[in-house]
2 protein chains.
Amino acid sequence: MNQPIPTNLTLVSRNRSFGGWQSVYRHHSAVLDCEMNFGVYLPPQAETQSCPVLYWLSGLTCTEQNFISKAGAQQFAAQYGVIVVAPDTSPRGCNVPGEEDSWDLGTGAGFYLNATQMPWAKHYRMYDYVVSELPEAIAANFPVMAIRGIFGHSMGGYGALAIALKNPGMFKSVSAFSPIVTPSLVPWGQKAFQNYLGDNKSDWLAYDPMHLIKSAPERLPILLDQGDADQFLGEQLQPDVFAQACAEVNHPLTLRKQPGYDHSYYFIASFIGDHFAHHAAALAQPGF
Amino acid sequence: MNQPIPTNLTLVSRNRSFGGWQSVYRHHSAVLDCEMNFGVYLPPQAETQSCPVLYWLSGLTCTEQNFISKAGAQQFAAQYGVIVVAPDTSPRGCNVPGEEDSWDLGTGAGFYLNATQMPWAKHYRMYDYVVSELPEAIAANFPVMAIRGIFGHSMGGYGALAIALKNPGMFKSVSAFSPIVTPSLVPWGQKAFQNYLGDNKSDWLAYDPMHLIKSAPERLPILLDQGDADQFLGEQLQPDVFAQACAEVNHPLTLRKQPGYDHSYYFIASFIGDHFAHHAAALAQPGF
């Protein structure tokens, strides 16, 4: 019944959920130079076979807890036989000056990039953490196939798109809820990029989905859900601008404006089943 | 798209969820003599017709938030066309001496009874609040049929059973997750009953499902889910003792021991769909 606990990870919590196990582990991240928590859901299928992995990236202020407790993902992960990994959103407890001063920079706001500017550059390397170190830890400790998808919400939706676009071949599928698709053009992204990457805006483009989509060597179909009552729509979230950019290069995008929905996890939970269906179709393997 | 806000209620939050609306309202409770929050989920069907109501009672330490954000109930409420009402678990902010001293008495631990002892008797009247005042507020403000079910978790599972057994005809269906079925015999119930009701144990029996089941004039079938890895099983939760009492009077009970599940909302979310199916079968009306 109980899965063995990987020896290089510390078990923080483990709860039976939809026939599988929702766990939280802590490990030392060499990339971030701190202890990090992440959530892992193992579906029932993982007891007897390897499974594809779906990475979820959360938004500003979140820890791994928001997604695992509120999104209702386990129901669908169990249905489709997918392992779901949910990292934290920034390094924690590194005592970087200023990291606790605002909710949209520093702690809880790592923006899934590698900072080049002081005082952030030593610890704020969430891009390398999510792209390299975390997948290696997952592969070393859980029964995963080398078949991955990635999705996320808001800052994490931006992260999922940027990471998928920057790493052709790494993911079979990508989707996003209310993503920051034009970070170079909106206050959240500008504040993060300026502080983490500096004033040279050409450096920002390396993480900007709007820019990356133009030269994407891979054409992963993107599912993008956006609530039309989202308080951040327009000022921070510009799905129509992104859709235009996708159209110009014929990148496959399904943009759904969901009437009456806001930026909350109630929105995510309402459509997470559709996102799992989108990913499962791409992650499915013969015999799986 | 937007439901009108009832004029005697203050809207705390409203989120679109599975095609309906998950709201939290605040109102003045005359019974409890304080302001109270409660959650209401209106399914899409409520925009055009009246719907049955399912009352959820939460466990120790909870507010209305735990259930509405973690249980995944909205998916099934929308599927079956049921309004779900989730009250808080005690009066709040009444400055009753000692109410903040422990997590299992006072604030967050109202035990769905009418206290007779000082200093609790003035405010701690959750039984009357849940049985009378709240349903009247719901009926006055939302498109409800006079068809009700009730369910809950732990202290709220006890509350659901006690309230259903004490009010034959009021509910069409009842179920519980890990309920305190023998409160007079276990530490949580004994502490609450002694403080709220006094030393006379015969007064405790009026709220004790084990006692009430013996003379229940109504035979509502009970669905009871209990995780077998629940940390409180045995000391606080005694489903087998309750099953024995049900068997002795031929009260219909479906007791399910769920292997590996604990006391958390991960357990509740895993089986809430089954509970909705149980209630929906009883709440369904011709033409609904």
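Modeller: A polar contact is a pair of N or O atoms within 3.5 Å. The model discussed here is predicted.

Biologist: Which residue caps the N-terminal end of α9(A)?

Modeller: The pair to consider joins a side-chain oxygen to the backbone nitrogen of Tyr266(A). Their separation is 3.1 Å, and the cut-off for a polar contact is 3.5 Å. The residue that supplies the oxygen, and thus the cap, is Ser264(A).

Biologist: On which residue is the kink in helix α9 of chain A centred?

Modeller: This helix spans residues 265-283 of chain A. Its course is broken by a kink of about 50°. The centre of that kink is Phe271(A).

Biologist: How many residues of α9(A) are buried?

Modeller: Buried denotes under 20% relative accessible area. The helix has 19 residues and is mostly covered. The number buried is 14.

Biologist: Which are the edge strands of the open sheet in chain A?

Modeller: Nine strands with mixed pairing follow the order β1-β2-β3-β5-β4-β6-β7-β8-β9. An edge strand here pairs on one side only. The two concerned are β1 (10-17) and β9 (253-258).

Biologist: What is the bridge partner of Leu224(A) in β9(A)?

Modeller: Strand β8, residues 222-227 of chain A, pairs with β9(A) in the parallel sense over six bridges. Within β9(A), the partner of Leu224(A) is Leu255(A).

Biologist: Which helix of chain B lies across β1 and β2 of chain A?

Modeller: The helix in question comprises residues 265-283 of chain B. It runs at about 25° to β1(A). Its name is α9 of chain B.

Methods
Residues are numbered from 1 along each chain as its sequence is written. Chains are lettered from A and ligands numbered from 1 in the order in which they are written. This is a predicted model: local features need pLDDT of at least 70, side-chain atom pairs count only at pLDDT 80 or more; totals for chains, interfaces and linings use all residues. Side-chain values use heavy atoms; hydrogens and water are left out. Two strands pair if DSSP finds at least two bridges between them. Helices (H or I, at least four residues) and strands (E, at least two) are DSSP runs, numbered from the N terminus. Contact means heavy atoms within 4.5 Å. Axes are lines fitted to C-alpha atoms, for helices over the stretch in contact, and angles run from 0 to 180 degrees between N-to-C directions. The bend at a residue is the angle between axes fitted to the seven residues ending there and the seven starting there. Buried means under 20% relative accessible area, exposed over 50%, partly exposed in between (1.4 Å probe, protein chains only). A polar contact is a pair of N or O atoms within 3.5 Å; within protein, one must be able to donate a hydrogen and the other to accept it, and residues adjacent in sequence count only if both atoms are side-chain atoms.
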